[in-house]
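Student: I have the model open and would like to talk it through piece by piece. Could you start with the helices and then move on to the sheet?

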Amino acid sequence: MDWITSGPQPLLMVIITAMAMYFALIVMTRLAGVRSFSKMSGFDFAVTVSIGSVLASVILTPDPPLAQGIMALAILFALQMGVATLRVHSDLFEGSTNNKPRLIMANGKMLRDQMVKARITQSDLLGKLREANVLDFSQVDAAVAETTGDVSVLHRERGDTPLSEDLLDGVIDAHRYQPRPIET
């Protein structure tokens, strides 16, 4: 029966701990800024998952204690801020903590060799194309597997402005994209 129910004291401790951790999270997010929960890089995503794990373990179990949980949050936020600062000031550091975006579709054609390297299946890409409201492969100028694992679909309809090649700066295999003229 203990598996399903709980006494008043453990429930009260969950309430108090959840409120304290929530308050600590708000304070630290305000100090660190909105970047704290961004998905600009794989590192950002890993820190976000780690923060969630710390919150859950501190709120639902007596070990680790609340003070250790708050300290763990503070360390994760400090690491996040430190890595973000280093990435801004050092190209070498940015490259070592970040994957490069990869072109996986160009001019309406899937680049299967790049999809394999990005570990993206045809089904994954088709799903992203549907999410982007692509009606025909010919609409797709480029699809990019981003550093976060997301897929950006750059597409247009007849008469729309063509894709600026500058948007593909730093993208692996960007040379495979060939600008198309505006269709009328």
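Tutor: In this predicted model, helix α1 (residues 8–32) and helix α3 (residues 66–89) are a good place to begin, and α1 passes α3 in a right-handed crossing. The contact draws on Thr17, Ala20, Met21, Ala24, Leu25, Met28, Thr29 and Ala32 from α1, and on Leu66, Gly69, Ile70, Leu73, Ala74, Phe77 and Met81 from α3.

Student: What classes of residue are in that contact of α1 with α3?

Tutor: There are 12 nonpolar and three polar residues in the contact of α1 with α3, and no charged ones.

Student: And at what angle do the axes of α1 and α3 cross?

Tutor: The axes cross at roughly 20° and come within 10 Å. Angles under 35 degrees count as roughly parallel, and α1 and α3 are therefore described as roughly parallel to each other.

Student: OK, now α1 and α2: parallel or antiparallel?

Tutor: The axes of α1 and helix α2 (residues 42–60) cross at roughly 155° and come within 9 Å, which makes α1 roughly antiparallel to α2. The crossing of α1 with α2 is right-handed.

Student: Which residues meet there?

Tutor: From α1 the residues are Val14, Thr17, Ala18, Met21 and Leu25, and they meet Ile51, Val54, Leu55, Val58 and Ile59 of α2. By class, the contact of α1 with α2 comprises nine nonpolar residues, one polar residue and no charged residues.

Student: That leaves α2 against α3; how do their axes cross?

Tutor: The axes of α2 and α3 come within 9 Å and cross at roughly 175°, and the two helices are therefore roughly antiparallel to each other. On the α2 side the contact involves Phe43, Asp44, Val47, Ser50, Ile51, Val54, Leu55 and Val58, while α3 contributes Leu66, Gly69, Ala72, Leu73, Leu76, Phe77, Leu79, Gln80, Val83 and Arg87. These residues divide into 13 nonpolar, three polar and two charged.

Student: Gln80 caught my eye in α3; is that side buried or exposed?

Tutor: Gln80 counts as buried, because its relative accessibility is 3% and the cut-off for buried is under 20%. Setting aside residues up to four places away in sequence, Gln80 touches Arg35, Ser36, Phe43, Asp44 and Val47.

Student: Let's switch to the sheet. In what order do the strands come?

Tutor: The open sheet has four strands in the order β2-β1-β3-β4, with antiparallel pairing. β2 and β4 stand at the edges with a single partner strand each, so one side of each has no neighbour in the sheet.

Student: What holds strands together in general?

Tutor: Strands of a sheet pair through backbone hydrogen bonds, in either a parallel or an antiparallel arrangement.

Student: How many bridges are there between β1 and β3?

Tutor: Strand β3 (residues 140–145) pairs with β1 over four bridges, in the antiparallel sense. Leu103 has Val144 as its bridge partner in β3, and Met105 stands opposite Ala143 in β3.

Student: And what about β1 with β2?

Tutor: β1 and strand β2 (residues 109–110) run antiparallel and are joined by two bridges, with Lys109 in β2 as the bridge partner of Ala106. The two strands form a hairpin with two residues between them, and Asn107 in the turn has a positive phi of about 50°.

Student: Why is β1 described as largely enclosed?

Tutor: Strand β1 (residues 102–106) has five of its five residues buried, so it is largely enclosed by the rest of the structure.

Student: Which helix lies across the strands?

Tutor: That is helix α6 (residues 122–131), which lies across β1, β2, β3 and β4 and runs at about 55° to β4.

Student: Last topic: where does Leu154 sit, and what does it contact?

Tutor: Leu154 lies in strand β4 (residues 151–155) and is partly exposed, with a relative accessible area of 25%. Apart from neighbours within four places in sequence, Leu154 is in contact with Gln139, Val140, Asp141, Ala142, Leu163 and Leu168.

Student: How far is Leu154 from Thr5?

Tutor: The C-alpha atoms of Leu154 and Thr5 are separated by 52 Å, and the two residues are 149 residues apart along the chain.

Note on methods:
Residues numbered from 1 in each chain as written. Predicted model: local features only at pLDDT ≥ 70, side-chain atom pairs only at ≥ 80, totals over all residues. Heavy atoms only, no water. Buried < 20%, exposed > 50% of the residue type's maximum accessible area, 1.4 Å probe, protein only. Contact = heavy atoms within 4.5 Å. Pairing = 2+ DSSP bridges. Axes fitted to C-alpha atoms, helices over the stretch in contact; angles between N-to-C directions. Parallel < 35°, antiparallel > 145°, perpendicular 65-115°, else oblique. Left-handed = near helix turned anticlockwise from the far one by under 90°. Nonpolar A, V, L, I, M, F, W, Y, C, P; charged D, E, K, R; others polar.
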